[in-house]
Amino acid sequence: NFNLSVGLTDAFMQAVKDDKDYDLIAPHTGKPIKKMSAKMVFDILVQHAWRTGEPGVLFIDTVNKDNKVRNVGDIAATNPCGEVPLLPYEACNLGSVNLDRMITNGEVDWDRLRYTVRTSTRMLDNVIDASTYPLPQITEMVKKTRRIGMGILGFADMLFQLGLPYNSEEGVAMGEKVMEFI
(Lines give C-alpha, C1' and ligand atoms only; values in the text may rest on other atoms or scores of the structure.)
Protein backbone atom coordinates (compact mmCIF):
# COMPACT_ATOMS: atom_id res chain seq x y z
CA ASN A 1 0.00 0.00 0.00
CA PHE A 2 2.09 2.84 -1.30
CA ASN A 3 1.83 5.04 -4.33
CA LEU A 4 4.15 5.00 -7.30
CA SER A 5 5.21 7.85 -9.50
CA VAL A 6 7.25 7.71 -12.65
CA GLY A 7 9.54 10.57 -13.61
CA LEU A 8 9.05 11.51 -17.26
CA THR A 9 11.53 13.74 -19.07
CA ASP A 10 10.91 16.06 -21.99
CA ALA A 11 13.08 13.75 -24.11
CA PHE A 12 10.91 10.75 -23.19
CA MET A 13 7.70 12.63 -24.06
CA GLN A 14 9.21 13.69 -27.40
CA ALA A 15 10.09 10.04 -28.08
CA VAL A 16 6.44 9.15 -27.32
CA LYS A 17 5.24 11.77 -29.80
CA ASP A 18 7.74 10.61 -32.43
CA ASP A 19 7.10 6.88 -31.70
CA LYS A 20 10.81 6.31 -31.08
CA ASP A 21 12.87 4.22 -28.69
CA TYR A 22 14.39 5.84 -25.63
CA ASP A 23 17.26 4.94 -23.36
CA LEU A 24 16.33 3.25 -20.09
CA ILE A 25 18.75 4.82 -17.60
CA ALA A 26 20.04 3.06 -14.48
CA PRO A 27 19.39 5.57 -11.67
CA HIS A 28 22.56 4.78 -9.71
CA THR A 29 24.96 5.03 -12.63
CA GLY A 30 23.13 7.45 -14.94
CA LYS A 31 24.05 5.18 -17.85
CA PRO A 32 21.71 3.59 -20.41
CA ILE A 33 21.09 -0.12 -19.85
CA LYS A 34 18.75 -0.78 -22.79
CA LYS A 35 16.38 0.84 -25.27
CA MET A 36 12.61 0.60 -25.17
CA SER A 37 9.69 1.91 -27.19
CA ALA A 38 8.61 5.14 -25.49
CA LYS A 39 5.10 4.86 -26.92
CA MET A 40 4.69 1.30 -25.64
CA VAL A 41 5.88 2.23 -22.14
CA PHE A 42 3.67 5.33 -22.07
CA ASP A 43 0.64 3.31 -23.20
CA ILE A 44 1.28 0.81 -20.38
CA LEU A 45 1.55 3.67 -17.84
CA VAL A 46 -1.72 5.17 -19.08
CA GLN A 47 -3.53 1.81 -19.01
CA HIS A 48 -2.42 1.10 -15.44
CA ALA A 49 -3.21 4.65 -14.27
CA TRP A 50 -6.71 4.35 -15.76
CA ARG A 51 -7.28 0.93 -14.23
CA THR A 52 -5.78 1.44 -10.75
CA GLY A 53 -4.79 5.09 -10.29
CA GLU A 54 -1.15 4.05 -10.28
CA PRO A 55 1.40 5.10 -11.31
CA GLY A 56 1.27 8.83 -11.10
CA VAL A 57 3.66 10.78 -13.29
CA LEU A 58 6.07 13.57 -12.52
CA PHE A 59 7.19 15.71 -15.44
CA ILE A 60 10.64 16.14 -13.94
CA ASP A 61 12.07 18.61 -16.46
CA THR A 62 9.04 20.87 -16.01
CA VAL A 63 9.38 20.69 -12.22
CA ASN A 64 13.06 21.60 -12.41
CA LYS A 65 12.36 24.64 -14.59
CA ASP A 66 10.53 26.10 -11.56
CA ASN A 67 12.93 24.70 -8.94
CA LYS A 68 13.40 27.46 -6.34
CA VAL A 69 16.55 25.86 -4.90
CA ARG A 70 18.33 25.08 -8.16
CA ASN A 71 21.59 26.29 -6.62
CA VAL A 72 21.36 23.34 -4.19
CA GLY A 73 20.41 20.69 -6.76
CA ASP A 74 17.82 19.27 -9.13
CA ILE A 75 14.47 17.96 -7.94
CA ALA A 76 14.54 14.16 -8.06
CA ALA A 77 11.12 13.12 -6.74
CA THR A 78 8.14 14.21 -4.67
CA ASN A 79 6.70 13.17 -1.36
CA PRO A 80 4.08 10.40 -1.68
CA CYS A 81 1.14 12.71 -2.41
CA GLY A 82 3.09 14.73 -4.95
CA GLU A 83 2.61 18.19 -3.49
CA VAL A 84 6.24 18.70 -2.44
CA PRO A 85 9.03 18.32 -5.01
CA LEU A 86 12.18 17.07 -3.28
CA LEU A 87 15.92 17.06 -3.90
CA PRO A 88 17.87 13.83 -3.43
CA TYR A 89 17.91 12.88 0.29
CA GLU A 90 15.49 15.65 1.15
CA ALA A 91 12.42 15.34 3.36
CA CYS A 92 9.56 17.67 4.18
CA ASN A 93 7.64 18.22 7.39
CA LEU A 94 3.94 18.73 6.73
CA GLY A 95 1.24 20.04 9.01
CA SER A 96 -2.36 21.21 8.75
CA VAL A 97 -4.47 23.92 10.35
CA ASN A 98 -8.00 22.86 11.23
CA LEU A 99 -10.14 25.71 9.87
CA ASP A 100 -13.18 24.31 11.68
CA ARG A 101 -11.52 25.51 14.92
CA MET A 102 -10.98 29.06 13.62
CA ILE A 103 -14.61 30.18 13.91
CA THR A 104 -15.75 32.23 16.89
CA ASN A 105 -19.33 33.49 17.19
CA GLY A 106 -20.04 32.69 13.54
CA GLU A 107 -17.03 34.57 12.16
CA VAL A 108 -13.47 33.73 11.19
CA ASP A 109 -11.21 34.50 14.13
CA TRP A 110 -8.36 35.99 12.10
CA ASP A 111 -6.20 36.63 15.17
CA ARG A 112 -6.50 32.98 16.21
CA LEU A 113 -5.74 31.83 12.66
CA ARG A 114 -2.66 34.09 12.52
CA TYR A 115 -1.41 32.77 15.87
CA THR A 116 -2.06 29.15 14.85
CA VAL A 117 -0.29 29.48 11.49
CA ARG A 118 2.73 31.25 12.98
CA THR A 119 3.02 28.82 15.88
CA SER A 120 2.56 25.80 13.62
CA THR A 121 5.14 27.09 11.15
CA ARG A 122 7.65 27.57 13.96
CA MET A 123 6.85 24.09 15.30
CA LEU A 124 7.38 22.48 11.88
CA ASP A 125 10.73 24.23 11.57
CA ASN A 126 11.71 23.08 15.09
CA VAL A 127 10.89 19.48 14.11
CA ILE A 128 13.71 19.66 11.57
CA ASP A 129 16.29 20.17 14.32
CA ALA A 130 14.63 17.83 16.82
CA SER A 131 14.38 14.86 14.44
CA THR A 132 16.82 12.01 13.97
CA TYR A 133 17.27 11.00 10.34
CA PRO A 134 18.31 7.54 9.12
CA LEU A 135 21.17 8.76 6.90
CA PRO A 136 23.71 11.58 7.28
CA GLN A 137 22.86 12.76 3.74
CA ILE A 138 19.23 13.24 4.78
CA THR A 139 20.25 15.14 7.91
CA GLU A 140 22.48 17.45 5.88
CA MET A 141 19.93 18.11 3.12
CA VAL A 142 16.93 18.62 5.42
CA LYS A 143 18.85 21.11 7.57
CA LYS A 144 20.11 22.91 4.45
CA THR A 145 16.71 23.40 2.77
CA ARG A 146 14.40 23.32 5.84
CA ARG A 147 11.39 22.45 3.69
CA ILE A 148 8.04 22.60 5.47
CA GLY A 149 4.44 22.63 4.25
CA MET A 150 1.33 24.05 5.88
CA GLY A 151 -1.99 22.68 4.68
CA ILE A 152 -5.56 22.96 5.84
CA LEU A 153 -8.42 20.71 6.85
CA GLY A 154 -11.96 21.42 7.96
CA PHE A 155 -12.69 23.92 5.17
CA ALA A 156 -16.18 22.54 4.47
CA ASP A 157 -16.96 22.56 8.21
CA MET A 158 -15.76 26.16 8.42
CA LEU A 159 -18.04 27.17 5.54
CA PHE A 160 -20.97 25.39 7.19
CA GLN A 161 -20.41 27.37 10.39
CA LEU A 162 -20.27 30.57 8.35
CA GLY A 163 -23.48 29.68 6.49
CA LEU A 164 -21.70 29.65 3.12
CA PRO A 165 -22.48 26.92 0.58
CA TYR A 166 -19.37 24.98 -0.44
CA ASN A 167 -20.09 25.33 -4.16
CA SER A 168 -20.96 29.03 -4.09
CA GLU A 169 -19.03 32.08 -5.25
CA GLU A 170 -18.96 33.20 -1.61
CA GLY A 171 -17.48 29.85 -0.53
CA VAL A 172 -14.79 30.06 -3.20
CA ALA A 173 -14.04 33.67 -2.25
CA MET A 174 -13.70 32.65 1.42
CA GLY A 175 -11.27 29.87 0.39
CA GLU A 176 -9.18 32.37 -1.55
CA LYS A 177 -9.20 34.83 1.35
CA VAL A 178 -8.20 32.20 3.91
CA MET A 179 -5.39 30.76 1.77
CA GLU A 180 -4.04 34.21 0.92
CA PHE A 181 -4.06 34.99 4.65
CA ILE A 182 -2.27 31.74 5.52
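**Exercise 1. The largest pocket**

Which helices and strands each supply at least two residues of the lining of the largest pocket? Work this out on the model, which is a predicted one.

*Solution.* Start with the elements themselves: β1 (5-8), α1 (10-18), β2 (21-25), α2 (38-52), α3 (60-65) and β5 (77-78) each give at least two residues to the lining. Next, look for the main contributor, which is β1 with four residues. Then turn to the centre of the pocket: of the 26 lining residues, V6, G7, L8, T9 and I60 lie nearest to it. The space enclosed comes to about 550 Å³. Finally, sort the lining by class, and you should find 15 nonpolar, seven polar and four charged residues.

**Exercise 2. The second largest pocket**

Find the residues that line the second largest pocket and sort them by class.

*Solution.* Begin with the names: I25, A26, P27, H28 and G30 form the lining. Sorting them gives three nonpolar and two polar residues, with no charged ones. To finish, note the volume, which is about 220 Å³.

**Exercise 3. The two sides of α2**

Take helix α2 and decide how its buried residues are arranged around the axis.

*Solution.* First check the length. With 15 residues, α2 reaches 21 Å from its first C-alpha to its last, close to the 21 Å expected at 1.5 Å a residue. Now pick out the buried positions, A38, V41 and L45. Viewed down the axis of α2, the buried residues fall within an arc of 70°, so they line one face of the helix. The partners of these buried residues are β1, α1, β2 and β3 (32-37). Turn to the other side of α2 and you meet W50 and R51, both exposed. One last step takes you just past the end of α2, where G53 has a positive phi of about 85°.

**Exercise 4. The same approach for α5**

Which residues of α5 (residues 136-145) are buried, and what covers them?

*Solution.* The buried set is I138, M141, V142 and T145. These residues span an arc of only 100° around the axis, which puts them on the same side of α5. Part of their cover comes from α4. On the other side of α5, P136 and E140 are exposed. Follow the chain onward and you reach R146, which comes after α5 and has a positive phi near 50°.

**Exercise 5. Helix α7**

Describe α7 (residues 169-181) by its span, its buried face and its exposed side.

*Solution.* Begin with the span: the 13 residues of α7 reach 18 Å from first C-alpha to last, close to the 18 Å expected at 1.5 Å a residue. Then list the buried residues, G171, M174, G175 and V178. Seen along the axis of α7, they lie within an arc of 100°, so they line one face of the helix. Among the elements covering them are β9 (107-108), α4 (110-130) and α6 (155-162). The other side of α7 carries E169, E176 and E180, which are exposed.

**Exercise 6. A glycine in a loop**

Where does G82 lie, and how should its accessibility be classed?

*Solution.* Locate G82 in the loop between β5 and β6 (85-86). Then read its relative accessibility: at 41%, G82 counts as partly exposed, since that class runs between the under 20% of buried and the over 50% of exposed residues. To end, compare chain and space: G82 and N3 are 79 residues apart along the chain, while 9.8 Å separates their C-alpha atoms.

How values were computed: Residues numbered from 1 in each chain as written. Predicted model: local features only at pLDDT ≥ 70, side-chain atom pairs only at ≥ 80, totals over all residues. Heavy atoms only, no water. Expected span 1.5 Å × (residues − 1). Buried < 20%, exposed > 50% of the residue type's maximum accessible area, 1.4 Å probe, protein only. Arc of directions from axis to C-beta. Contact = heavy atoms within 4.5 Å. 1 Å grid on protein atoms, 1.4 Å probe; cavity = no way out; pocket = protein on both sides within 12 Å on 5 of 7 lines; lining within 4 Å. Points joined across faces, edges and corners; volume = space filled by probe spheres on them. Nonpolar A, V, L, I, M, F, W, Y, C, P; charged D, E, K, R; others polar.
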